[in-house]
Amino acid sequence: MLKKGFFYVCLVGIVAFISSGFKPIKFEKYDWFHLDANDMTYYSLPSLRHKDYINRKVPFTGNFFIGYKEAIAFKESQGKYRKINGIGYMGKYQFGAETLKTIGIFDSLSFLNSPIMQEKAFVALLAKNKWELKDEIAKYDGDIVGGVRVTESGILAAAHLGGVGSVKRFLKSNGTRKCRDGNGASVKSYMKDFGGYETTGIKANKKAKVK
């Protein structure tokens with residue numbers, strides 16, 4: 001009996017010792033997802049405040065290029081690489097077959113099955129459109145056209161939607177031309193929604209191709 005009692009005393013002591021080494025973790029709380037004044041649910045990140053990301057291993061996309069391309073992708077396909085819409089546009093950024101040919105892609109099936117190729121295609125088309133719209137970017141950047149502040153990133157997003165010609169017509173008409181794609185999305189809305197992002201890293205290239 002003494003040995004058995006000694007065993008249980010030692011066991012309790014070991015458990016108490018181990019438990020004392022654990023301290024509660026202190027979490028920083030931000031209420032970005034706080035939906036109701038009476039709801040006490042809080043989340044650490046993401047946060048709307050830039051300073052909350054300093055020294056944290058959590059990306060803050062802000063107006064950076066990664067935020068730009070992912071915002072366009074979500075608008076186009078909810079970010080789905082394998083999506084094909086009702087009129088045949090495909091992939092994460094919804095490319096048409098003819099547009100793909102202009103940047104050196106002739107195999108639509110390979111394109112649809114390759115996330116890497118789709119990401120390269122998006123950048124290549126931006127580079128090509130930036131060269132074709134370099135005069136418009138230089139002339140209109142910072143101006144208000146049709147009630148929208150024109151920026152380089154907005155112009156390039158609008159060109160992704162409706163093509164270079166649609167962007168030129170919209171700007172030349174001072175915003176009176178209502179240029180839309182097959183789904184009804186307008187050049188004006190893209191120019192507004194995707195304006196102000198960082199796209200200076202995209203180099204204008206008349207002959208941009210996916211390699």
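Colleague: What share of the 211 residues of the protein chain counts as buried?
Modeller: Keep in mind that this is a predicted model. To count as buried, a residue needs under 20% relative accessible area. Of the 211 residues in the chain, the part that passes is 35%.

Colleague: How many helices and strands are there in the protein chain?
Modeller: Try reading along the sequence: the pattern goes α-α-α-α-α-α-β-β-α-α-α. Counting it up gives nine helices and two strands.

Colleague: Is Ala121 buried or exposed?
Modeller: You'll find Ala121 in helix H5, which covers residues 115-132. The cut-off for buried is under 20% relative accessible area. Ala121 has 0% relative accessibility, so Ala121 is buried.

Colleague: And how far apart are the C-alpha atoms of Ala121 and Ala208?
Modeller: Along the chain, these two residues are 87 residues apart. In space, their C-alpha atoms are separated by 9.3 Å.

Colleague: Let's go to Ser153. Is Ser153 buried or exposed?
Modeller: Ser153 sits in helix H7, residues 152-162. Its relative accessibility is 1%, and the limit for buried is under 20%. So Ser153 counts as buried.

Colleague: Which residue has its backbone nitrogen reached by the side chain of Ser153?
Modeller: Two backbone atoms come up here. A polar atom of the Ser153 side chain lies 2.8 Å from the backbone oxygen of Phe194. That one is an oxygen, though, and you asked about a nitrogen. The side chain of Ser153 reaches the backbone nitrogen, at 3.0 Å, of Gly196.

Colleague: On to charges. How many salt bridges does a search of the whole structure find?
Modeller: Side chains of opposite charge can pair when their charged atoms come close. Here the cut-off is a nitrogen within 4 Å of a carboxyl oxygen. Searching the whole structure, the number of salt bridges is six.

Colleague: Which residue forms a salt bridge with Glu70 from the loop between helix H2 and helix H3?
Modeller: Glu70 has a salt bridge with Lys69, at 2.9 Å from N to O. Another salt bridge of Glu70 also has its closest N and O atoms 2.9 Å apart. This pair links distant parts of the chain, 22 residues apart, with Glu70 in helix H2 and its partner in the loop between helix H2 (65-77) and helix H3 (97-102). That partner is Lys92.

Colleague: Of Lys69, Glu70 and Lys92, which is partly exposed?
Modeller: Lys69 has 15% relative accessibility, so Lys69 is buried. Lys92 has a relative accessible area of 4%, so Lys92 is buried too. With 33%, the partly exposed residue is Glu70.

Colleague: Why are Lys101 and Glu98 separated by about one helical turn?
Modeller: Their side chains meet in a salt bridge at 3.2 Å, N to O. Lys101 is partly exposed at 36%, and Glu98 counts as exposed at 54%. They are about one helical turn apart because both are in helix H3, with a spacing of three residues.

Colleague: Which residues do salt bridges that share partners join into one network?
Modeller: Glu70 is a good place to start, with salt bridges to Lys69 and Lys92. Following the shared partners, the network joins Lys69, Glu70, Lys92 and Glu119.

Colleague: Which lysines gather in a patch of positive charge on the surface?
Modeller: Take Lys168, in helix H8 (residues 164-172). Lys168 is partly exposed at 34%, and a patch residue needs over 30% relative accessible area. The lysines that gather in this patch are Lys134, Lys168, Lys206 and Lys207.

Note on methods
Residues are numbered from 1 along each chain as its sequence is written. This is a predicted model: local features need pLDDT of at least 70, side-chain atom pairs count only at pLDDT 80 or more; totals for chains, interfaces and linings use all residues. Side-chain values use heavy atoms; hydrogens and water are left out. Patches are made of residues with over 30% relative accessible area and no salt bridge: like charges are joined within 9 Å, nonpolar side chains (Val, Leu, Ile, Met, Phe, Trp, Tyr) within 5 Å. Accessible areas come from the Shrake-Rupley method with a 1.4 Å probe; for residues, only the protein chains shown count as cover. Lys and Arg count as positive and Asp and Glu as negative; His and the chain ends are not counted. The place of a charge is taken as NZ of Lys, CZ of Arg, CG of Asp or CD of Glu. Helices (H or I, at least four residues) and strands (E, at least two) are DSSP runs, numbered from the N terminus. Buried means under 20% relative accessible area, exposed over 50%, partly exposed in between (1.4 Å probe, protein chains only). A polar contact is a pair of N or O atoms within 3.5 Å; within protein, one must be able to donate a hydrogen and the other to accept it, and residues adjacent in sequence count only if both atoms are side-chain atoms.
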